[in-house]
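Here's a quick walk through one chain, from its domains down to a helix pair and a buried helix. Have the model open as you read.

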Amino acid sequence: MTDFLTISLEELVSSLSTLMDQTIAPLRDHHRRTAIVAFHIADQLDLTWQQRHDLIFASAIHDIGAFSVMEQQVLHDLSFESQYINLHARAAYLLLKEFSYFDSIAEILRYHHAYLNNSTEVDRSVIPYEALIMQVADQAAILSVDSLNILDESAGIINEIIQQSGIMFLPEIVEAFNRAAEKENFWLDIKNMTLNSLFTDHLKLDNLHIKSSELMGLVNLFRRIIDFRSEVTSTHTAGVVVVAAELARFHGREEETINKIKIAGYLHDIGKLIVPSEILEKPGKLTPQEFNIIRTHSYFTYEFLNGMSIFKDIRDWASQHHERLNGRGYPFHENSKTLPFESRAIAVADEFTALTEDRPYRKGVSGKDAMLVLDVDVQKGELDGVLVSLLGEHLTEINQARIAAQEASKKEYQAFVLELNKDEF
Ligand SMILES: [Fe+2]
Ligand SMILES: [Fe+2]
Ligand SMILES: [Fe+2]
């Protein structure tokens, strides 16, 4: 008998969307707004249940590829004129298509900027209709600027969308938008409706039933989203996962626990999505303000995982990796009484990986030199002494496994960048 896991797509989409919307402008609150507009336009069109479902799902996470291209495309504004407009759409496609359950979403995101007048060659018959709807929703969301009363903005936004009918947008979708936009609740929902109420009151997203063995595929997708922001960050998660899993294995933990630790490792830095790339990759010393932004990331990892019941039991292990046994970590100030083995293992793995990998401002240190630092952290009462000793005993083996995993991850990133920069949708 194969065991199946049920993942609530509602939880997954709203957790991911909410996380992305907590970042800086121009993405702040952008996904929620786009999903709400898409939902209202969909109501005016004759869509199948599946199309509606895919449209809302895709809209709520549509710029997920933006994180992977920030290095190449500065996303200071979401203007259409940018010559790189297709790049983040392609990144989203390349990332999501790796998890077969998201195939149709990947295709929608791939074409979400394939406007009628987009100059890049594309066979228009392959563009999903949902992508064409999302184009209008995306633009209306961008144009809504958060004035005191959004009804004051409505005429101007409608006007701008109409002007692009037949130029950027398919006329029948602009007409559907117009019908939706006649209603005050359309505008008030853009400003006020939460994703949760969209999902629970107006649209039920299906659950995802996957084999338990396929869960790694999903978290691996997250790893790529988290790490593929630049070459510098492209291997961090892979290193942490391997070191934490090896520590658990040498500690005699069972396969099931090891697998859960891996999942926690895969997700531990997902909160870093809200940290701008300029800060993550800053070559010099961080200002106190920049460090404060970094310090929020594990809290957002907690928030993200807390929103998904499937990850409830690994939520703490993943989000406690900057906690310290002496209570001086962040963000919850947990301590030796409250931190479980799994959280301690990920904390040691995270620190060891951070020390040994190259950073923008310094080369990685050797495994032996990293141990000197970890030993001091044990003396200070920060890291778990048993786990650090275990790492020291098996240093060569664990360090080699880390290097291999990180090299594989770097190759994977380089292949991704090559694919990304192909001149096609
Ligand atoms: Fe976009
Ligand atoms: Fe972290
Ligand atoms: Fe980390």
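## Where the domains meet

Keep in mind that this is a predicted model. Across the boundary, 20 residues of domain 1 are in contact with 15 residues of domain 2. On the domain 1 side, β1 (4-8), α1 (9-21), α4 (66-69) and α5 (85-96) each chip in at least two residues. The top contributor there is α1, with six residues. Sort that side of domain 1 by class and you get 11 nonpolar, six polar and three charged residues.

As for the bounds, the domain assignment puts domain 1 at 4-208 and domain 2 at 229-420. Their C-alpha centres sit 33 Å apart.

## A helix pair: α2 and α7

Next up are α2 (residues 30-43) and α7 (residues 129-143), which pack at an angle of about 130° with their axes 8 Å apart. That angle makes α2 oblique to α7, and the crossing is right-handed.

Who's touching whom? From α2 come His30, Arg33, Thr34, Val37, Ala38, Ile41 and Ala42, and they meet Ile133, Met134, Val136, Ala137, Asp138, Ala140 and Ala141 of α7. By class, this contact has 10 nonpolar, two polar and two charged residues.

## A buried helix: α18

Helix α18 (residues 312-319) is largely enclosed by the rest of the structure, because six of its eight residues are buried. The buried ones are Ile314, Arg315, Asp316, Trp317, Ala318 and Ser319.

What covers them? The cover over the buried residues of α18 includes α14 (255-267), α17 (297-306) and α19 (341-356).

Key. Residues are numbered from 1 along each chain as its sequence is written. Chains are lettered from A and ligands numbered from 1 in the order in which they are written. This is a predicted model: local features need pLDDT of at least 70, side-chain atom pairs count only at pLDDT 80 or more; totals for chains, interfaces and linings use all residues. A residue is buried if 20 or more other C-beta atoms lie within 10 Å of its own, exposed if 12 or fewer, and partly exposed in between; C-beta atoms are placed from the backbone. Helices (H or I, at least four residues) and strands (E, at least two) are DSSP runs, numbered from the N terminus. Two residues are in contact if their C-beta atoms, placed from the backbone, lie within 7 Å. Domain bounds come from an automatic or database domain assignment. Ala, Val, Leu, Ile, Met, Phe, Trp, Tyr, Cys and Pro count as nonpolar, Asp, Glu, Lys and Arg as charged, and the others, Gly among them, as polar. Axes are lines fitted to C-alpha atoms, for helices over the stretch in contact, and angles run from 0 to 180 degrees between N-to-C directions. Angles under 35 degrees count as roughly parallel, over 145 as roughly antiparallel, 65 to 115 as roughly perpendicular and the rest as oblique. A crossing is left-handed if the near helix is turned anticlockwise from the far one by less than a right angle, and right-handed if clockwise.
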